[in-house]
Amino acid sequence: MSSVEVMDYRPSEDEPFMNPRMRDYFRNKLLAWKDEILRESRGTLENLQEESQNHPDMADRASSESDRALELRTRDRQRKLIGKIDSALKRIDDGTYGYCEETGDPIGVARLDARPTATLSLEAQELHERREKVYRDE
């Protein structure tokens, strides 16, 4: 399948779930997302290396340190996201992508399109979050 076909294609609920074209769509979406994150990370490293100059003003130094800490937290979150993307790509390869880990039911095309790393159906995710909230409140 050419990249032009993938870009024009949008999966729908009307077609067989996780057919080859749909799997290719999600694989390409995940790979593009991963590439974007890696590209941004490289840019962050370059910026941090350039920024490592001393600021004579204490306020500038504090602001720079705060910005750097925020950027590093963001990159750490994205590093974890890359792990989830890699897991999703493995699930595509082994045929389990798009199916809820708890129920085995299809997750749903709209949910996967919005959150391609999803492992739970919307119902299972809501139940999981309700349980989490109950334990947190106790």
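Which residues touch the most other members of the largest nonpolar core? Keep that question in mind while you move through this predicted model, since the tour begins in the core and returns to some of its residues from other directions.

Select F26, L30, Y97 and L112: of the 21 residues in the largest nonpolar core, these four touch the most other members. Now colour the helices, and you will find that α2, α3 and α4 each supply at least two residues of this core, with α3 giving the most, namely six residues. If you then colour by domain, taking domain 1 as 15-97 and domain 2 as 99-137, you will see that both give residues to this core, so the core lies between them.

Stay with L30 and display its surroundings. Once its neighbours within four places in sequence are set aside, L30 is in contact with I85, A88, L89, I92, Y97, P116 and T117.

Next, turn to the aromatic rings, of which the structure holds four pairs. Select Y25 and F26 and look at how the two rings meet: the pair is edge-to-face, with 5.1 Å from centre to centre and 80 degrees between the planes. Y25 is buried, because its relative accessible area is 6%, under the 20% limit, and F26, at 0% relative accessibility, likewise counts as buried.

Keep F26 selected and add Y97, and a further pair appears, this one tilted, at 5.6 Å centre to centre and 50 degrees between the planes. Trace the chain between these two residues, and the pair proves to link distant parts of it: F26 sits in helix α2 (residues 20-51), whereas Y97 belongs to the loop between α3 (58-94) and α4 (109-114), 71 residues apart. Y97 counts as buried, with a relative accessibility of 2%. Adding Y9 to the selection completes the view, as ring pairs link Y9, Y25, F26 and Y97 into a cluster.

For the last stop, select residues 100-124, which an unreviewed UniProt entry annotates as "zinc finger region: dksA C4-type". Where do the ends of residues 100-124 lie relative to one another? Their end C-alpha atoms are 8 Å apart, and the span is 36% helix and 0% strand.

How values were computed. Residues numbered from 1 in each chain as written. Predicted model: local features only at pLDDT ≥ 70, side-chain atom pairs only at ≥ 80, totals over all residues. Heavy atoms only, no water. Phe/Tyr/Trp six-rings, centres within 6.5 Å; stacked < 30°, edge-to-face > 60°. Buried < 20%, exposed > 50% of the residue type's maximum accessible area, 1.4 Å probe, protein only. Helix = DSSP H or I, 4+ residues; strand = E, 2+ residues; numbered from the N terminus. Core = buried A, V, L, I, M, F, W, Y, C linked by side-chain atoms within 4.5 Å. Domains from an automatic or database assignment. Contact = heavy atoms within 4.5 Å. UniProt positions renumbered as here; feature names shortened; annotations may be inferred.
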